[in-house]
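User: I'd like a close look at one part of this model, the surroundings of the ligand, and how that part ties in with the rest of the protein.
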Amino acid sequence: MPDKSHEATERERFEKQYHEIAVLAGGLAHEIRNPLSTIHMNLELLFEELEESVDPIAQRVLRKMKTIQDQCENLEDILEAFLQFARAGELHLEEVNLVDVVSEFLEFYKPKAQEHNIDVRPHFSSDLPTVRLDLRLIKQVLTNLVQNAQQAMPEGGLLELQTSHRNDSVVLEIIDTGCGMSPQALEKMFQVFFSTKPNGSGLGLPTVRKIVEAHHGTIQCESELNRGTKFTLTFPVRLEEELAGQEVKD
Ligand SMILES: Nc1ncnc2c1ncn2[C@@H]1O[C@H](COP(=O)(O)OP(=O)(O)OP(=O)(O)O)[C@@H](O)[C@H]1O
Ligand SMILES: [Mg+2]
């Protein structure tokens, strides 16, 4: 018979090591973020001092500083995406209507959509049951998915957001008419650091999936090259028995 206790201790050791590495990586990202922001801030100050100068040397220096500034911003984006990924599992749940959450997000997204020639069409159901969501993290999910859709439609296009109620879940579909994905990209899109974009961190979709799964939800994707992409998210509605159980406990 296999030694179960040995298996258990191996697993515990592995989980402990995994936890240590995760804490270390999160700590490292934090440690890098502060000096990086000091570098960035001082660059801004140098820009202010040199911008007015007509001296050709100053102009050359400015061009090189611009490269440093771009790389600082790139690093800051990567760190931010990494920290969001690391924090995606910690939930602060509230009982909310998904339609309200998505509407609020769209209100905030409207000017950007206009700027990018994107026609946003919401199809919201009026009788959706409430679900328990972490609002900050769900906003992150919407931001990442809508940003991907926007980047897939550089010339603009149609972005549909549809809510519905199926079995014991509420469903959100996000559909774009963008460039779509190859079968290879479709297979790899949830892998950390997979990206087909020059400055993509490849952490957007892994973060989305981690957040959705932390809510006991699911995420699926259908995509066709040159036609578009549909992401389907589900979030479980709490069963009557669960609610009753909670009332007894409360
Ligand atoms: N709506 C979409 N349409 C077409 N391709 C997509 C779409 N969403 C994701 N992808 C593909 O999946 C890849 C991974 O997406 P993900 O959001 O994880 O990273 P990213 O967008 O490349 O970088 P980041 O989000 O970190 O800036 C993208 O590079 C792109 O190839
Ligand atoms: Mg992305």
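Which helices each supply at least two residues of the shell around ligand 1?

Analyst: Those are α4 and α6. Keep in mind that this is a predicted model. Between them, α4 gives the most to the shell around ligand 1, with four residues. There are 23 residues around ligand 1, and N148, A152, S195, G200 and G204 come nearest. Sorted by class, the shell has ten nonpolar, eleven polar and two charged residues.

Now follow α4 (135-152) into the protein interior. The largest nonpolar core has 33 residues, and V141 and L145 are the ones with the most contacts inside it. Several elements give two or more residues to this core, including α2 (56-87), α4 (135-152), α6 (204-214) and β7 (228-236). Here too α4 gives the most, with seven residues. Domain 1 (4-87) and domain 2 (94-241) both give residues to this core, so the core lies between them. Leaving out residues up to four places away in sequence, V141 touches V208, I211 and V212.

As for the two domains themselves, their centres, taken over C-alpha atoms, are separated by 27 Å. Where domain 1 meets domain 2, seven residues of domain 1 are in contact with eight residues of domain 2. The side of domain 1 that touches domain 2 consists of four nonpolar residues, two polar and one charged.

So for your close look, α4 is a good thread to follow: it gives the most to the shell around ligand 1, and α4 also gives the most to the largest nonpolar core.

Technical notes
Residues are numbered from 1 along each chain as its sequence is written. Chains are lettered from A and ligands numbered from 1 in the order in which they are written. This is a predicted model: local features need pLDDT of at least 70, side-chain atom pairs count only at pLDDT 80 or more; totals for chains, interfaces and linings use all residues. A nonpolar core is a set of buried Ala, Val, Leu, Ile, Met, Phe, Trp, Tyr and Cys residues joined through C-beta atoms within 7 Å. A residue is buried if 20 or more other C-beta atoms lie within 10 Å of its own, exposed if 12 or fewer, and partly exposed in between; C-beta atoms are placed from the backbone. Domain bounds come from an automatic or database domain assignment. Two residues are in contact if their C-beta atoms, placed from the backbone, lie within 7 Å. A residue is near a molecule or strand if its C-beta atom, placed from the backbone, lies within 6 Å of it. Ala, Val, Leu, Ile, Met, Phe, Trp, Tyr, Cys and Pro count as nonpolar, Asp, Glu, Lys and Arg as charged, and the others, Gly among them, as polar.
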